[in-house]
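Work through the following exercises with the sequence and the coordinates open side by side. Each task is followed by a solution that goes step by step.

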Amino acid sequence: MIAARKICVLGDFAVGKTSLIRRYVQGSFAEDYQATIGVAITRHRTEIATSQGPQALDQILWDIEGSLHGRDLALRYLEGAAGALIVGDLTRADPVAAMAAHAAIVAQELPGRPMVFALNKADLVEPAARPDGQTLLASHGGLLRCCSAKTGEAVPELFAALGARILEIGI
Amino acid sequence: MAEPASRCSGPVGARDLPAGALDRLIATGRFGLIQLDRDLCVQARHGAWLGWLAPGAQAIQALPMLLGYEPALRAIAAGQRPSLLLPRLAWPGGPLGERVIALEVLPAGDGAGLLLWLQDASELAALEQQVVQQRNELSLAEAALVAARAAAEAAHAAKSAFLANLSHDLKSPLQVILGNAALLADEGALAAAERPQFLQDIAASGQFLLAMISDLLEVAALESGRLELSEEPVDLALVLERSLALARGLPGAAERQLACRLPSVRPWLLADPIRLQRILANLLSNAIKFTTPGGLIDVAQQAEAAGPLVVTVSDDGCGIDPARQVRLFEPFQTPAAGGGSGLGLHAARGLAELHQGSLTIRSEPGVGTVACLTLPAERRTEPPP
Ligand SMILES: Nc1nc2c(ncn2[C@@H]2O[C@H](COP(=O)(O)OP(=O)(O)O)[C@@H](O)[C@H]2O)c(=O)[nH]1
Ligand SMILES: [Mg+2]
């Protein structure tokens with residue numbers, strides 16, 4: 001039987017969570033912004049390269065409304081997730097601080113679960129102007145990439161890395 | 001379906017419900033009810049939009065939104081946890097279609113399993129969507145305004161600092177010129193052997209002033225859109241050679257190696273030769289400023305016979321740190337070291353863009369800097385007969 005895991009995608013509103021999932025699952029992108037209400041789930045079957053070789057994985061992706069806050073709501077939707085993709089927007093003032101706030105909730109509610117970090121909208125920001133985000137990795141480990149839902153840059157890599165971490169530590 | 005409905009006790013509050021009430025509720029099409037047994041398998045489902053759910057199916061597999069909640073479901077069935085509510089849940093592309101539902105998990109009672117109570121919340125969610133969307137868009141617009149204001153304030157501060165520096169920068173060479181001129185005019189003040197040095201200092205200060213004022217005038221003309229190119233067929237290699245010859249006369253040039261690599265076929269282009277030379281002069285004087293003595297500066301023109309014309313000026317100097325690279329082309333950004341008006345690169349890019357070209361800079365601290373001037377292929381032209 002194919003393993004299935006719940007993966008939460010978290011970040012402030014309009015940073016590109018929905019767009020990253022759409023790029024990853026459907027390979028497409030839309031410029032217009034449609035706020036997500038509550039949570040939209042997507043089931044995506046993929047093959048993950050692990051240190052034990054390739055392994056099939058059903059990723060149940062939870063695209064969680066960015067404007068939700070409060071511990072109760074977070075708890076309700078995060079429960080049982082095997083890992084999280086934390087998304088930030090490179091065009092905002094301090095994307096790393098915003099991501100750190102989401103990562104702190106995951107670290108508290110889902111201790112030991114892997115996270116990866118997506119600094120999205122890289123197509124809009126010159127490499128020299130991007131923050132390095134090392135503080136996120138220092139606190140939570142995982143992988144951090146500048147990526148773009150628009151161009152697809154680094155998008156599969158982030159989901160694959162999270163899938164591999166989840167399978168390798170056997171959550 | 002009357003049986004399961006009448007068995008529903010506490011959770012749905014059905015103890016006093018008239019017979020058939022739950023049926024009528026579900027018949028509205030706005031609700032659904034799924035009964036799970038102790039093993040979390042589907043026992044029965046009620047509701048128009050749940051027909052696809054096969055009795056006997058493993059709930060976690062049939063309803064992927066339940067994945068991860070197994071411990072919670074078992075705790076609810078065992079009476080150790082009251083319920084679970086997921087108020088807004090969509091599964092686009094799944095059997096619920098575009099529906100947004102509220103999903104509540106309740107104990108069936110007497111350890112008999114679970115009830116999943118589903119409510120079609122699409123209408124409410126659509127209203128919420130509009131409100132949230134507007135609120136989000138407003139707060140994005142507000143953030144953009146705040147950022148634009150900060151940028152405007154920073155630009156204003158840079159301009160003020162620039163004007164303060166400028167008066168100082170104009171004053172000191174003028175003082176050299178006036179002071180030296182006075183000394184030279186005074187017959188007895190200087191020994192004959194000293195005079196050439198004082199004259200050279202006057203010339204250097206004059207050159208500095210001239211460059212600075214040219215930058216200022218050019219930027220003023222660029223900003224006001226008044227600057228017009230005077231275009232003619234130009235031998236690009238000749239412009240490069242002339243710029244290099246002038247650069248070799250700059251202070252510090254003698255201690256650096258200036259190399260030039262040109263293709264064997266000399267391309268001609270339609271351009272303003274004076275402005276082109278100003279761009280190159282700027283790139284070369286920066287390269288000289290930011291390399292240490294002994295450094296290597298390389299001017300190259302790409303050999304392609306068609307397509308855009310690309311000229312690079314590379315150096316192995318100290319490079320530019322990433323934070324400053326971002327602002328390099330903004331006006332009034334005085335270079336960290338080496339002086340200059342802080343307008344040169346801004347003007348150079350403006351001039352490149354007037355030619356429908358571009359000017360970019362790649363730099364790595366400690367490795368060096370490459371400036372790249374690209375002029376569009378449409379500017380290629382035949383050499384005059
Ligand atoms: N240029 C650019 N725009 C993006 C990118 N990702 C998302 N967007 C835009 O940002 C807005 C918000 O995206 P969305 O995915 O709805 O954000 P969410 O609220 O985090 O789900 C939309 O207008 C997207 O088109 C990206 O990588 N590059
Ligand atoms: Mg969204």
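**Exercise 1.** How far does a polar side-chain atom of K121(A) lie from an oxygen atom of ligand 1?

*Solution.* The conventions come before the distances. This is a predicted model, in which local features need pLDDT of at least 70 and side-chain atom pairs count only at pLDDT 80 or more, while totals for chains, interfaces and linings use all residues. Residues are numbered from 1 along each chain as its sequence is written, chains are lettered from A and ligands numbered from 1 in the order in which they are written, and side-chain values use heavy atoms, with hydrogens and water left out.

The separation for K121(A) is 3.1 Å, which falls under the heading of a polar contact (a pair of N or O atoms within 3.5 Å; within protein, one must be able to donate a hydrogen and the other to accept it, and residues adjacent in sequence count only if both atoms are side-chain atoms). Backbone atoms also take part: a polar backbone atom of G16(A) is 2.9 Å from an oxygen atom of ligand 1, and for a backbone N or O atom of A149(A) the distance to a ligand oxygen is 2.8 Å.

**Exercise 2.** Identify the residues that come nearest to ligand 1, and follow E31(A) to its salt-bridge partner.

*Solution.* Of the 20 residues around ligand 1 (a heavy atom within 4 Å), those that come nearest are A14(A), S19(A), A30(A), E31(A) and D123(A). E31(A) also forms a salt bridge (a side-chain nitrogen of Lys or Arg within 4 Å of a carboxyl oxygen of Asp or Glu) with K150(A), the closest N and O atoms being 2.7 Å apart. This pair links distant parts of the chain, 119 residues apart, with E31(A) in the loop between α1 and β2 of chain A and K150(A) in the loop between β6 and α5 of chain A; helices (H or I, at least four residues) and strands (E, at least two) are DSSP runs, numbered from the N terminus.

**Exercise 3.** Describe the interface of chain B and chain A by its residues, its area and its polar pairs.

*Solution.* Begin with the contact (heavy atoms within 4.5 Å), to which chain B gives 30 residues and chain A gives 26 residues. The buried area (accessible area, 1.4 Å probe, lost on putting two parts together, summed over both) is about 2,400 Å², with carbon and sulfur atoms giving 61%. L67(B), Y69(B) and N136(B) supply 20% of what chain B buries against chain A, more than any other three residues.

Next, count the polar pairs: the rule finds 13 residue pairs in polar contact across the interface, both at pLDDT 80 or more. α5(B) gives the most to the side of chain B that touches chain A, with 10 residues. There is one salt bridge between the two chains, formed by R81(B) and E79(A), whose closest N and O atoms are 2.8 Å apart.

**Exercise 4.** Which strand of chain A do two bridges join to β3(B)?

*Solution.* The strand is β2 (residues 39–50) of chain A, which runs parallel to β3(B); pairing requires that DSSP finds at least two bridges between the strands. Within this pair, A40(A) stands opposite A90(B).
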